[in-house]
Amino acid sequence: MTEKLSTEYLDRVAASLTEIKKAADEAGARVVAATKTVPAEVIRFAFGHGLEYMGENRVQELLGKIDSLPFGSDRIHFIGRLQTNKVRYLVGRVCMIHSLDSLRLAEEISRRFVSGVDCLVEINVGHEGEKGGVYAEDCERFINQTAGLPNVNLRGLMSIGPYMENKEDYRPYMEKVAQLFEKMKSLGYFGPDPQLSMGMSDNFRLALEYGATIIRPGTAIFGRRSAT
Ligand SMILES: *Cc1c(COP(=O)(O)O)cnc(C)c1O
């Protein structure tokens with residue numbers, strides 16, 4: 001880790017961040033940096049260099065870092081798969097959950113977050129069995145099941161999407177999610193400021209093209225993760 005925190009490394013983080021934020025700003029989108037495996041001191045550095053939001057994948061990892069972060073829950077999103085029995089640890093610690101994908105999870109969020117929390121419905125656009133998320137064709141039914149739950153503030157959609165070797169191959173998936181988002185938005189499900197969380201390091205520019213309001217780059221800012 002120490003070698004990663006060289007001036008050279010931190011300069012690279014700052015430069016990447018500047019470039020990505022510029023692209024997001026031009027599209028009117030926000031950057032939620034995916035910070036899994038990134039140490040708190042690097043996250044702190046990034047916040048000193050223009051980063052506004054971070055997204056964590058694992059509850060345990062978030063709890064381990066949170067006391068070393070110089071900002072509060074209004075900057076922290078939860079973007080990973082969320083087990084029902086972990087929901088309670090996120091109360092007061094995150095301002096948005098990107099991975100709502102089951103009624104059980106929605107009910108637990110509703111029960112625990114007594115002051116409410118913004119939630120995005122995760123769409124499993126590639127029908128990938130091993131991933132979380134609701135299939136696009138089930139989205140409206142799912143929204144109708146959860147929309148009445150107190151404290152679950154549905155704000156939009158999130159998608160991860162299958163990995164593609166060739167960037168152009170992301171287009172049909174992004175288009176599908178974008179269309180679904182437009183439809184649900186026009187039906188009024190997401191309130192006055194709807195959010196579409198789409199795009200990671202290898203495709204965030206494409207996602208901005210398709211109307212993402214939140215992009216979630218990790219590697220493109222912090223460099224390659226070592227295996228965990
Ligand atoms: C890891 C992760 C990202 C960022 O992925 P990169 O390829 O490192 O940009 C974005 N979203 C989610 C949900 C992730 O788990």
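How many nonpolar, polar and charged residues make up the lining of the largest pocket? In this predicted model, the lining comprises twelve nonpolar, twelve polar and eleven charged residues. The lining numbers 35 residues in total, and those nearest the centre of the pocket are K36, N57, I160, M200 and R225. The space in this pocket amounts to about 860 Å³.

The largest pocket is also where the ligand sits. The residues surrounding the ligand are A34, K36, N57, I79, I160, M200, S201, R216, P217, G218, T219 and R225. Classified by residue type, this shell contains five nonpolar, four polar and three charged residues. K36, N57, I160, M200 and R225 therefore appear both in the shell around the ligand and among the lining residues nearest the pocket centre, where a residue counts as near the ligand if one of its heavy atoms lies within 4 Å of it.

Polar contacts to oxygen atoms of the ligand involve the side chains of N57, T219 and R225. For T219, a polar side-chain atom is placed 2.5 Å from a ligand oxygen atom. The corresponding distance for N57 is 2.7 Å, again from a polar side-chain atom to an oxygen atom of the ligand. In the case of R225, an N or O atom of the side chain lies 2.8 Å from a ligand oxygen atom. Of the 380 Å² of accessible area that the ligand has on its own, 89% is covered by the protein.

Methods
Residues numbered from 1 in each chain as written. Predicted model: local features only at pLDDT ≥ 70, side-chain atom pairs only at ≥ 80, totals over all residues. Heavy atoms only, no water. Polar contact = N/O pair within 3.5 Å; in protein donor to acceptor, adjacent residues only side chain to side chain. Areas by Shrake-Rupley, 256 points an atom, 1.4 Å probe, with all protein chains shown as cover. 1 Å grid on protein atoms, 1.4 Å probe; cavity = no way out; pocket = protein on both sides within 12 Å on 5 of 7 lines; lining within 4 Å. Sits in = over half its atoms within 2 Å of the grid points. Nonpolar A, V, L, I, M, F, W, Y, C, P; charged D, E, K, R; others polar. Points joined across faces, edges and corners; volume = space filled by probe spheres on them.
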